[in-house]
Amino acid sequence: MRAYLITGGRRLEGLVPIHGAKNSVLPILAATILTGGESVIHNCPDLSDVDASIAILRHLGCRVSRAGETVTVDSAGLDRCDIPEKLMREMRSSVIFLGPILARTGQARVSMPGGCELGPRPVDLHLAALRRLGAEISETGGSLRCRTRRGLRGAEIHLALPSVGATENAMLAACGSRGTTVIHNAACEPEILDLQCFLTACGARVRGAGSPVIEVEGGIPLHAAEHRVIADRICAATYLSAAALAGGEVTVEGVARGQLAPVTELFTAAGCRIRQEARRVTLTSGGALRRAGPVRTAPYPGFPTDAQPPVMAALTRAAGSTVFVETIFENRYRHAQELARLGADIRVEGRVAVVTGVPALHGAGLEAADLRGGAALVVAALGAEGESVITGIHHIRRGYDGLPEQLAALGAQIAERPPAAETEEKPWQRSESTNGATQGKKESFSTSTSWSPSC
């Protein structure tokens, strides 16, 4: 088991090229199933979730190769319609394969997906959309069996919630359906527009992505295409959060202007200086922040739930109290307990968290329980005094390509290594047991949320 060893207190300076968006590349890789040819995907990050998607494609009979940031998928040889439980459990997004497999083969057999335990993220929205398109679905013992008797057919789909995954699954299945499909209350995230761009490059007739209504004219034969994935806005928000807390000046490059607006507006209110160009955002911070918000997560273009944990970490030393309201996932505050180990003052009550800034954070031993919560621990450790060790970094690797190397290039003192095996008292252990302020903050931490073990 490996860990991040971070010595905080260093200003961050420099430019970070932002890698391809995890939430964009995964549905695009799934979409290659529909083409029956050799598609080339550029700006594909080296993430464990991408590895899991590639493993699924290979299991299905596709040929997949990677050269640097370019992944080539030849789906001509697809000869299976099942995904085994082991592969499905690797990530929550594995359910996105259901629609394209069903559209390509007329049947699909999968188990329930895995991923971070952030609370209920029911696949019933996905299944309801596929049933509207004519799929017959049975659920038995955690497995899903889907089939179509006469093929999928276009339909009006009204999503109960603007779910990103359900919107994408409906789009992919609709491409293989006869007739026109209209998806109402669709999610509007930039990653959905990126999926539409890939599909249209393959010859599909899809329009409306980025708005609440998406129209797909199905039944058109698709061909392979070449596509470049958009930059990861959540990754960019994480680097900006680190700079806001640690202090310094950091530029993130590649994210389209406006996609980071909720985050940059919050940091402006907190006392940072923001400079924006077409595909660059620069944040300058003296490290002394003030309270901002309230921060209420919401579907795009609202404040992204994935950015909430690292932004919360950035505000742990902001003067005053900042209120966070999480409307998407009920267990999104699991990082709060670990931040308290650094001395943060965070009180959680249901979906509301109140962060009261403290004068300083102190290094500690930490464990990441999920992807974005793990990123929050990295941000906080960079702004803490002394050393921190973060375990559970396999969660962080799901969404961040080269995180320690990028941070080190900005001036952070961070290394990835096995946890120390020695039994003597470590600096972070001493700060926990002897620092009264830190201990006091730990005791003041309260929550009505039941903290689950690492997923």
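**Calls and cut-offs in a predicted model**

Reader: Let's start with strands. How many bridges join β20 to strand β21 (residues 352-356), and what makes two strands a pair?

Author: There are 5 bridges between β20 and β21, and the two strands run antiparallel. Pairing takes at least two bridges, so with 5 of them β20 and β21 count as paired. One bridge to look up is that of Ile 346, whose partner in β21 is Val 355. Keep in mind that this is a predicted model.

Reader: Which sheet does that pair belong to, and which strands are at the edges?

Author: An open sheet of 4 strands with mixed pairing, in the order β18-β19-β21-β20. β18 (295-296) and β20 (345-349) are the edge strands, since each pairs on one side only.

Reader: Now helices. How do you know that α8 and α12 are roughly parallel to each other?

Author: The axes of α8 (residues 233-246) and α12 (residues 371-382) cross at roughly 25 degrees. Angles under 35 degrees count as roughly parallel, and therefore α8 and α12 get that label. Their axes come within 8 Å, and the crossing is right-handed.

Reader: Which residues meet there, and how do they divide by type?

Author: From α8 you have Ile 234, Thr 238, Ser 241, Ala 242, Leu 245 and Ala 246; from α12, Arg 372, Ala 375, Val 379, Ala 380 and Leu 382. That contact divides into 8 nonpolar residues, 2 polar and 1 charged. Arg counts as charged, so Arg 372 of α12 is the charged one.

Reader: Why is Val 25 called buried?

Author: Its relative accessible area is 0%, and buried means under 20%, so Val 25 passes. Val 25 sits in helix α1 (residues 22-31). Leaving out residues up to four places away in sequence, Val 25 touches Ile 41, Cys 44, Pro 45, Val 50 and Val 229. The C-alpha atoms of Val 25 and Ile 230 are 8.5 Å apart, with their positions 205 residues apart in sequence.

Reader: And Ser 94, in a loop: buried or exposed?

Author: Buried. Ser 94 has 1% relative accessibility, set against a cut-off of 20%. The loop in question runs between α3 (85-88) and α4 (98-105). Pro 27 is 67 residues away along the chain from Ser 94, and their C-alpha atoms are separated by 9.0 Å. For the protein, 57% of the 455 residues count as buried.

Reader: Where does α5 pack, and which of its residues are buried?

Author: In α5 (residues 124-132) the buried ones are Leu 125, His 126, Leu 127, Ala 129 and Leu 130. They pack against α4, β8 (136-140), β9 (143-147), β10 (156-158) and α6 (164-175). After α5 comes Gly 134, with a positive phi near 105 degrees.

Reader: What sheet do β8 and β9 sit in?

Author: An open one of 4 strands, ordered β6-β7-β9-β8, with mixed pairing. β6 (82-83) and β8 are its edge strands. α5 packs on this sheet and touches β8 and β9, its direction making about 145 degrees with that of β8. Inside the sheet, strand β7 (residues 107-111) pairs with β9 in the antiparallel sense over 5 bridges, and Arg 109 stands opposite Arg 145 in β9.

Conventions: Residues are numbered from 1 along each chain as its sequence is written. This is a predicted model: local features need pLDDT of at least 70, side-chain atom pairs count only at pLDDT 80 or more; totals for chains, interfaces and linings use all residues. Side-chain values use heavy atoms; hydrogens and water are left out. Axes are lines fitted to C-alpha atoms, for helices over the stretch in contact, and angles run from 0 to 180 degrees between N-to-C directions. Angles under 35 degrees count as roughly parallel, over 145 as roughly antiparallel, 65 to 115 as roughly perpendicular and the rest as oblique. A crossing is left-handed if the near helix is turned anticlockwise from the far one by less than a right angle, and right-handed if clockwise. Contact means heavy atoms within 4.5 Å. Buried means under 20% relative accessible area, exposed over 50%, partly exposed in between (1.4 Å probe, protein chains only).
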